Amino acid sequence: MRPISMLAAVLLLGAGFAGAQDTGHPASHAAPVGAIAREKAPAGAKVFFVEPKDGATVGREVKVKFGVEGIAIKPAGDGTPESGHHHLLIDVKELPPLDAPIPNDANHKHYGKGQTEDTITLEPGTHTLQLDFGDLKHVQFDPPIVSKKITIHVR
């Protein structure tokens with residue numbers, strides 16, 4: 001490797017370490033440079049499913065109702081302190097990365113208008129559902145405000 005290339009690599013590597021934030025996680029979980037700052041979760045804030053209940057057997061059209069305590073529901077982009085909006089995780093094994101917006105795809109449904117219920121269509125079989133409450137930027141709180149993961153059976 002040329003000396004200039006080696007120097008550039010060392011400088012870039014050093015810049016990455018200098019920009020890492022102390023997140024309370026081991027160095028391997030430190031926020032990447034350019035990561036989005038997370039809002040502090042209000043003490044006692046929680047989200048949960050009003051319906052369906054864990055273990056329920058349902059039809060393909062599934063009515064989901066979201067409950068919340070200790071934090072206000074506001075649309076995405078609303079900067080009101082201690083507020084945010086729901087995201088529904090469908091068949092997701094792990095939470096999305098903490099320092100980036102929650103994905104918006106078939107497995108990560110956004111309710112950025114402040115919705116508290118929806119009817120979703122699922123294929124027959126067993127599915128998991130989990131709520132993940134996001135801030136005005138669709139980023140998880142610190143610590144994340146997530147529901148217990150529930151399992152439903154679609155006939």
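**Exercise 1. The open sheet**

Task: In this predicted model, state which strands form the open sheet, in what order, and which of them stand at the edges.

Solution.
- Step 1. The open sheet has 3 strands, in the order β1-β3-β8, with antiparallel pairing.
- Step 2. β1 and β8 each have a single partner strand, so they stand at the edges and one side of each has no neighbour in the sheet.
- Step 3. On average, and with direction ignored, neighbouring strands of this sheet are turned by 35 degrees against each other.
- Step 4. The antiparallel pairing of β3 and β8 runs over 5 bridges.
- Step 5. Val-64 stands opposite Asp-118 in β8.

**Exercise 2. A salt bridge between β3 and β1**

Task: Find the salt-bridge partner of Glu-69 and decide whether Glu-69 is buried, partly exposed or exposed.

Solution.
- Step 1. The partner is Lys-46, with the closest N and O atoms 3.7 Å apart.
- Step 2. Glu-69 lies in strand β3 (residues 61–69) and Lys-46 in strand β1, so the pair links parts of the chain 23 residues apart.
- Step 3. Buried means under 20% relative accessible area and exposed means over 50%.
- Step 4. Glu-69 has 40% relative accessibility and therefore counts as partly exposed; Lys-46, at 40%, counts as partly exposed too.

**Exercise 3. Salt bridges that involve loops**

Task: Say which parts of the chain are tied together by the pair Arg-38 and Asp-142, and which are linked by the pair Glu-123 and Arg-60.

Solution.
- Step 1. The side chains of Arg-38 and Asp-142 form a salt bridge at 3.8 Å, N to O.
- Step 2. Arg-38 is in the loop between α1 (3–19) and β1 (46–51), while Asp-142 is in strand β10 (residues 140–146), so parts 104 residues apart in sequence are tied together.
- Step 3. Asp-142 is partly exposed, at a relative accessible area of 33%.
- Step 4. Glu-123 and Arg-60 meet through their side chains in a salt bridge of 3.0 Å, N to O.
- Step 5. This pair links the loop between β8 (117–121) and β9 (125–134), which holds Glu-123, with the loop between β2 (57–58) and β3, which holds Arg-60; the two residues are 63 apart.
- Step 6. Arg-60 is partly exposed, with a relative accessible area of 37%.

**Exercise 4. Totals and confidence**

Task: Give the number of salt bridges in the whole structure and name the stretch where the pLDDT is below 50.

Solution.
- Step 1. The whole structure has 8 salt bridges.
- Step 2. Glu-39, Asp-135 and Lys-137 are joined in a network of salt bridges.
- Step 3. The mean pLDDT of the protein chain is 84, and 78% of its residues reach 70 or more.
- Step 4. The pLDDT is below 50 over residues 1–31, a stretch with 13 contacts beyond near neighbours in sequence.
- Step 5. Predicted coordinates should not be read in detail where pLDDT is low.

Terms used. Residues numbered from 1 in each chain as written. Predicted model: local features only at pLDDT ≥ 70, side-chain atom pairs only at ≥ 80, totals over all residues. Heavy atoms only, no water. pLDDT = per-residue confidence, 0-100. Contact = heavy atoms within 4.5 Å. Salt bridge = Lys/Arg side-chain N within 4 Å of Asp/Glu carboxyl O. Helix = DSSP H or I, 4+ residues; strand = E, 2+ residues; numbered from the N terminus. Buried < 20%, exposed > 50% of the residue type's maximum accessible area, 1.4 Å probe, protein only. Pairing = 2+ DSSP bridges. Axes fitted to C-alpha atoms, helices over the stretch in contact; angles between N-to-C directions.
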